[in-house]
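Reader: I'm new to reading protein structures. Could you walk me through this one with a few questions and answers?

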Amino acid sequence: MIKIILNADDFGKSPNRNRAVDDCFRQGLISSAGLIVTGKHLQDAVQYINRGGYVGNIHLHFNLSANLLHEDSDDIPLTEVMRKDSFFCTDGKFTKYKGLPKKVSDIFKWRVVYQELVAQYNKFIEVTDGKADYKHVDFHLWYNLTWPVSVALNLFTWRYKIKSVRYIGIYQQSKRRYRLFRLISWNPFVKDVPATNIDYYLSKKHLFDNYQIIELYCHPNYKDGVFLDDSPSYLKHERQPMLKQIRMLKDSSDFESLCWKNFS
């Protein structure tokens, strides 16, 4: 039997997204969620967490850019050094993702990234009052596949004794440059679980026969009153009703649900 971590991304990004993630927890559709602490809707998400009593299933989702889905999250770095960096920010706010530094010389930006990671980690501990999962961290999958972020992530996981990280997606594992960045960020004490979205898993299920555990991530949201798995368009997957996604997953698989905290 395969073990699946059903994880919701981008908790804290918008009121509709926060409500959708909360509904997922209440209906037993997910087992974990990553909280982003850089937007103006953070406290709204924290209120849902406290009322729902699922703080132990929450971990940190690092964020280094503005929202690609045009939600009014107003993402602002927590450190002054990041706010002043013209690559990451404009007028003190994160810019929309344009591809983080790719030149080898940009590796020296690792100090800027590292300070921001530490600040976001400390903020996460503060808003969750020491009760959340502090041994697993998430990235948007393209963040840590760059020179400075991979170096900063390596140092961060060692210093803070992180046990598990979402490094790269399953469909990225075959590409050489992604494997290179994974090697740079490598920490032998950190568990690396393959990750993909629900649509990809359902359409390529035969590829997972040899896996014992995987993470399936989703992006719960309410769009025009519809409860969706609002996976970003750049993933090239059709947005699906959230309940339909989970029903299709349960009908297609015999699996055990696991949360990151139990795994790490």
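## Inside the fold

Author: Sure, and keep in mind that this is a predicted model. Let's start with Phe11, which touches Asn18, Val21, Ala33, Gly34, Leu35, Ile36, Ala45, Tyr48, Ile49, Tyr54 and Ile58, leaving out residues up to four places away in sequence.

Reader: How many residues are in the largest nonpolar core, the one with Phe11 among its most-contacted members?

Author: Nonpolar side chains tend to be buried together in soluble globular proteins. Here, Ile4, Phe11, Leu35, Ile58 and Phe156 have the most contacts inside the largest core. That core has 70 residues.

Reader: And which helix gives the largest share of this core?

Author: Look for the element that supplies eight residues to it. That element spans residues 110-127, and its name is helix α4.

Reader: Where does Thr95 sit, and is Thr95 buried or exposed?

Author: Thr95 is in the loop between β5 (93-94) and α4. Beyond its neighbours within four places in sequence, Thr95 is in contact with Ser65, Ala66, Phe87, Phe88, Cys89 and Thr90. Buried means under 20% relative accessible area. Thr95 has 14%, so Thr95 is buried.

Reader: Let's get to charges. What is the N to O distance in the salt bridge between Glu126 and Lys123?

Author: Side chains of opposite charge can pair when their charged atoms come close. Glu126 and Lys123 both lie in helix α4, three residues apart, which is about one turn of the helix. Their side chains meet in a salt bridge, and the N to O distance is 4.0 Å.

Reader: Of those two, is Glu126 buried or exposed?

Author: The cut-off for exposed is over 50% relative accessible area. Its partner Lys123 has 26%, so Lys123 counts as partly exposed. Glu126 has 56%, so Glu126 is exposed.

Reader: What about Arg166 and Asp138: how many residues apart are they?

Author: These two form a salt bridge, with their closest N and O atoms 3.3 Å apart. Arg166 is in the loop between β7 (164-165) and α6 (176-184), while Asp138 is in strand β6 (residues 136-138). The pair links distant parts of the chain, 28 residues apart.

Reader: Why does Arg166 count as buried?

Author: The question comes down to relative accessible area, and buried means under 20%. Asp138, its partner, counts as buried because its value is 0%. Arg166 counts as buried because its relative accessibility is 1%.

Reader: Which residues are joined with Glu215 into one network of salt bridges?

Author: Glu215 forms a salt bridge with Arg166, the closest N and O atoms being 2.7 Å apart. Glu215 is in strand β10 (residues 213-218), 49 residues from Arg166, and at 0% relative accessibility Glu215 counts as buried. Salt bridges that share partners join Glu215 into one network with Asp9, Asp138 and Arg166.

Reader: Last one, on the surface: which residues make the nonpolar patch of about 320 Å²?

Author: One member, Leu180, lies in helix α6. At 36% relative accessibility, Leu180 counts as partly exposed. The patch is made by Leu180, Leu183 and Trp186.

Technical notes
Residues are numbered from 1 along each chain as its sequence is written. This is a predicted model: local features need pLDDT of at least 70, side-chain atom pairs count only at pLDDT 80 or more; totals for chains, interfaces and linings use all residues. Side-chain values use heavy atoms; hydrogens and water are left out. A nonpolar core is a set of buried Ala, Val, Leu, Ile, Met, Phe, Trp, Tyr and Cys residues joined through side-chain atoms within 4.5 Å. Buried means under 20% relative accessible area, exposed over 50%, partly exposed in between (1.4 Å probe, protein chains only). Helices (H or I, at least four residues) and strands (E, at least two) are DSSP runs, numbered from the N terminus. Contact means heavy atoms within 4.5 Å. Patches are made of residues with over 30% relative accessible area and no salt bridge: like charges are joined within 9 Å, nonpolar side chains (Val, Leu, Ile, Met, Phe, Trp, Tyr) within 5 Å. Accessible areas come from the Shrake-Rupley method with a 1.4 Å probe; for residues, only the protein chains shown count as cover.
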